[in-house]
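Got the viewer open? Here is a short walk through the model, one selection at a time.

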Amino acid sequence: MASGHTVLMRLVASAYSIAQKAGTIVRRVIAEGDLGIVEKTCPTDLQTKADRLAQMSICSSLARKFPKLTIIGEEDLPSEEVDQELIEDGQWEEILGKPCPSQYSTIKEEDLVVWVDPLDGTKEYTEGLLDNVTVLIGIAYEGKAIAGVINQPYYNYQSSEKQKFREHRNEAKAGADAVLGRTIWGVLGLGAFGFQLKEVPAGKHIITTTRSHSNKLVTDCVSAMNPDDVLRVGGAGNKIIQLIEGKASAYVFASPGCKKWDTCAPEVILHAVGGKLTDIHGNSLQYNKEVKHMNSAGVLASLRNHDYYASRVPQSVKNALVP
């Protein structure tokens, strides 16, 4: 055990390295060419070999190093011996060099809940929309999301309309002089790191919403925002990154399709830079281990002016989505 470092900062430093390892696994499965797709509850709810291997890697690596953690992963996997090559034992030294916010300095391992989405944006992953994909590790204390790591396995991935995904799936690579993949991390009270914060120009309302889980409620709520533009992309992690990089002003999803492992890590990154993520009613999300996994009252997130977007949610949408 590393001495002199708090449990939280050791956990975040480990989660950073573990998320990077998971990103490598996600890329490797594409390169090998067999995605091993399984339909879970419906044609848009998919699981691949990458989801399974990445979750085994993340959860086993965390549990070995932090045996008293509560770890909740998206995929319901059978207990089996995990291949040693899936285990990541490293930790990101730069994180250990940062001070732990004083309010978290005495947290015990057993007080923390980790929410894991090993591959957020699975449907897009199977369709070759690789820049939609993220690996999410969120850390909660007393029901509140306080630290998070987001890995983008295909950050800097250059995809051309002319390239057919199945012909080139083993050639997913970065553009010239670019490193493929990046990891963003944050702790409330410390900040968020690994990206350049940008804002949408003042007065512009660009809404990001679901690409594959739309319905009338979703579209009614988006329309009520009076948007200048609407982006339809995959992955909750990807949408929050759009907010912090100035590509969108608000993430509006008036549907119960999103789960706690989708929002825990992204919420931290957004909150650490002054943004806000709530349900459609404006309520904070809870992340204690007993909570139901579904975000049944949808998601509303923005970097700035959250009240403006919350005030425009139609009453009919609120009535349909019960927390």
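## Start with confidence

Colour the chain by pLDDT before picking anything: the mean for the protein chain is 91, and 92% of its residues reach 70 or more. Keep in mind that this is a predicted model. Now select residues 159-168, where pLDDT stays under 50 throughout. For that stretch the model has 8 contacts beyond four places in sequence.

## The aromatic cluster

Next, show the aromatic side chains. The structure holds 6 aromatic pairs. Begin with Trp115 and Trp261: their ring centres sit 6.4 Å apart with the planes at 40°, and since that angle is neither under 30 degrees nor over 60, the pair counts as tilted. Zoom out a little and you'll see that this pair links distant parts of the chain. Trp115 belongs to strand 4 (residues 112-120), while Trp261 is in helix 8 (residues 260-272), 146 residues apart.

Buried or exposed, what is Trp115? Turn on a surface to find out: Trp115 is buried, with a relative accessible area of 0%. Trp261 also counts as buried, at 6% relative accessibility.

Keep Trp115 selected and add Tyr287. These two make an edge-to-face aromatic pair, 6.4 Å from centre to centre with 70° between the planes. Here again the pair links distant parts of the chain, 172 residues apart: Trp115 in strand 4, and Tyr287 in the loop between strand 12 (276-278) and strand 13 (299-302). Tyr287 is buried too, with a relative accessible area of 0%. Show the three residues together, and you have a cluster of Trp115, Trp261 and Tyr287 linked by ring pairs.

## A charge over a ring

Now pick Tyr155 and Arg182. Look at the face of the Tyr155 ring: Arg182 lies over it, at 3.8 Å from the ring centre.

## Last stop: Thr134

Finally, jump to strand 5 (residues 134-141) and click on Thr134. Thr134 has a relative accessible area of 1%, so it falls under the 20% cut-off and is buried.

What is Thr134 in contact with, once its neighbours within four places in sequence are left aside? Select these in turn:

- Asp117, Pro118, Leu119 and Asp120 are among its contacts.
- Ile150, Asn151, Gln152 and Pro153 also touch Thr134.
- Gly237, Asn238 and Ile241 complete the list of contacts for Thr134.

Methods. Residues numbered from 1 in each chain as written. Predicted model: local features only at pLDDT ≥ 70, side-chain atom pairs only at ≥ 80, totals over all residues. Heavy atoms only, no water. Phe/Tyr/Trp six-rings, centres within 6.5 Å; stacked < 30°, edge-to-face > 60°. Helix = DSSP H or I, 4+ residues; strand = E, 2+ residues; numbered from the N terminus. Buried < 20%, exposed > 50% of the residue type's maximum accessible area, 1.4 Å probe, protein only. Lys NZ or Arg CZ within 6 Å of the ring centre and 35° of its normal. Contact = heavy atoms within 4.5 Å. pLDDT = per-residue confidence, 0-100.
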